[in-house]
Amino acid sequence: MHSKSIWKNIDILTVLIVLLISGLSLFVIGSATKPLLSPGSQLYFVHRQIAWIFLGLLTMAIVAWVPYEKFRVISPYLYWTSVLLLAFVLVKGHTALGAQRWINVGPFQLQPSEFAKIAIVITLATHLSQKQRLSRWKDFISPGLHVLLPMLLVLKQPDLGTTLVFVAITAGMLFMAGASWWKLVIIFPGGLLTVILWIYLHYRFHIPIPMHQYQLNRLIIFLNPNKDPLGAGFNVIQSRIAVGSGGLFGTGIFTAHFNQLSFLPESYTDFIFAVVAEELGFVGSMALLLVYLLLLARGIYIANQAKDRYGMLLATGVVSMFAFHVIESAGMVSGIMPVAGVPLPFMSYGGSAFLADSAGIGILLNVYMRRHDLSYNRSAPVTQVVYSKNT
């Protein structure tokens with residue numbers, strides 16, 4: 001299909017959703033960072049985020065323009081490049097807030113783990129599209145090892161949030177690749193129960209666990225943040241108060257008490273949804289979640305409309321990534337999910353996350369624009385498009 005006709009098929013609704021969230025983020029980031037800056041530079045973070053938005057749109061267009069079939073060719077290089085960058089971070093990376101996650105590139109700091117998520121989506125889709133079956137237990141070994149290496153490197157930084165994103169991406173893609181649901185229940189919820197049991201045994205009988213104590217405290221403190229109100233539980237307590245103080249309609253942009261008095265830590269990155277809830281209230285925060293729900297629904301539709309199994313898996317990986325980010329980010333500030341440090345897509349401040357999310361949207365647009373490249377029976381059952389009968 002000619003490139004000009006390809007762009008005529010662009011999914012305008014998805015692009016508008018991204019622009020809507022990105023536009024709102026400028027006001028929320030400006031409000032969240034206002035008390036951190038001097039009067040003459042209060043738009044510093046806003047100006048930087050505008051630059052990231054333009055770069056994100058460019059990234060989105062480039063990823064959407066390259067036919068996604070070519071992703072198969074670059075998959076090995078993409079995988080090992082991401083692995084090498086993650087390993088480099090552990091040796092020469094910049095350390096902040098107790099984590100070594102960033103690489104200094106001139107005046108900017110890039111976070112390779114954010115780009116590794118997109119690399120996993122593309123390379124795991126390539127891997128699964130080549131597998132003939134997922135019906136035997138041994139069929140899960142190769143995709144598991146494929147994800148395990150970069151996931152362990154990310155966990156070592158430590159970056160628990162991105163590690164969990166890898167798990168969500170893998171679970172969603174395995175399911176849509178044809179893995180039986182009961183095997184996935186054994187692998188993923190079963191694995192979660194194992195981790196919970198391990199943590200219990202660690203506290204009850206001092207069984208060793210491969211995590212720093214501060215990481216473990218941060219992971220489970222949401223269950224009872226008042227146990228350490230000035231330490232691990234401080235962020236959870238302050239974010240819950242901020243969410244509750246917003247009431248039904250919120251206090252208004254630039255007027256939130258907890259935000260403006262700097263009671264809310266990491267307010268413009270990981271805890272930005274708490275700022276939304278305080279300043280826009282229950283109605284505003286629910287409206288934002290509905291916008292995200294529309295984005296996810298659009299992604300599921302694109303996966304269903306994909307012309308082939310590979311495109312379906314690519315779209316599924318992106319949707320799984322966004323779904324986990326939204327659920328974890330909103331749940332974290334509400335005190336019902338562990339504090340894992342996951343940014344809210346297109347809302348939280350940060351260049352690496354914004355570019356990675358933009359690349360994800362580019363993948364969705366790519367799959368949608370090329371849904372008619374090859375003919376297939378659109379009236380056939382969905383399972384013939386989404387699932388492989390050989391699995």
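L314 touches Y68, F71, V121, I122, A125, I363 and V367, leaving aside residues up to four places away in sequence. This is a predicted model. L314 belongs to the largest nonpolar core, which has 92 residues. Together with I361 and I363, L314 has the most contacts inside that core. Helix α13, residues 309–334, supplies the largest share of the core, 14 residues. Apart from this core lies another, of five residues. Among its members are L160, I199, I209 and L216.

**Pocket and cavity**

Which residues lie nearest the centre of the largest pocket? They are L160, L164, G191, L192 and V195, out of 46 lining residues. L160 is thus named twice: as a member of the five-residue core and among the residues nearest the pocket centre. The space in this pocket comes to about 1,700 Å³. Five elements are listed as giving two or more residues to its lining: α6 (141–156), α7 (160–177), α8 (181–205), α9 (213–220) and α13. Of these, α8 gives the most, with 11 residues. Helix α13, then, contributes to the pocket lining as well as to the largest core.

The structure also holds one cavity of 30 Å³ or more. Its lining is made up of P343, L344, F346, S348, G350, A353, F354 and D357. The table sets out volume and lining by class for the two spaces.

| Space | Volume | Nonpolar lining | Polar lining | Charged lining |
|---|---|---|---|---|
| Largest pocket | about 1,700 Å³ | 35 residues | eight residues | three residues |
| Largest cavity | about 30 Å³ | five residues | two residues | one residue |

**Aromatic pairs**

How many aromatic pairs does a search of the whole structure find? The search finds 11. One of the pairs joins Y79 and W80. Their ring centres lie 5.1 Å apart, with 90° between the planes, and the pair is edge-to-face. Y79 is buried: its relative accessible area is 8%, and the cut-off for buried is under 20%.

Y301 and Y368 form a pair of another geometry. Their ring centres are 6.5 Å apart and their planes stand at 45°, so this pair is tilted. Y301 sits in helix α12, residues 272–305, while Y368 sits in helix α14, residues 351–369. The pair therefore ties together parts that are 67 residues apart in sequence. Are its two partners buried or exposed? Y301 is partly exposed, with a relative accessible area of 35%. Y368 is buried, at 11%.

Aromatic residues also group beyond single pairs. Y44, F45, Y268 and Y349 form one aromatic cluster.

**D11**

Where is D11 found? D11 occupies the loop between α1 (3–8) and α2 (12–33). D11 has a relative accessible area of 3%, so this residue counts as buried, for which the cut-off is under 20%. What does D11 touch? Its contacts are R298, I302, L365 and Y368, not counting residues up to four places away in sequence. Y368 thus takes part in two arrangements: the contact with D11 and the tilted pair with Y301.

Conventions
Residues numbered from 1 in each chain as written. Predicted model: local features only at pLDDT ≥ 70, side-chain atom pairs only at ≥ 80, totals over all residues. Heavy atoms only, no water. Core = buried A, V, L, I, M, F, W, Y, C linked by side-chain atoms within 4.5 Å. Buried < 20%, exposed > 50% of the residue type's maximum accessible area, 1.4 Å probe, protein only. Helix = DSSP H or I, 4+ residues; strand = E, 2+ residues; numbered from the N terminus. Contact = heavy atoms within 4.5 Å. 1 Å grid on protein atoms, 1.4 Å probe; cavity = no way out; pocket = protein on both sides within 12 Å on 5 of 7 lines; lining within 4 Å. Points joined across faces, edges and corners; volume = space filled by probe spheres on them. Nonpolar A, V, L, I, M, F, W, Y, C, P; charged D, E, K, R; others polar. Phe/Tyr/Trp six-rings, centres within 6.5 Å; stacked < 30°, edge-to-face > 60°.
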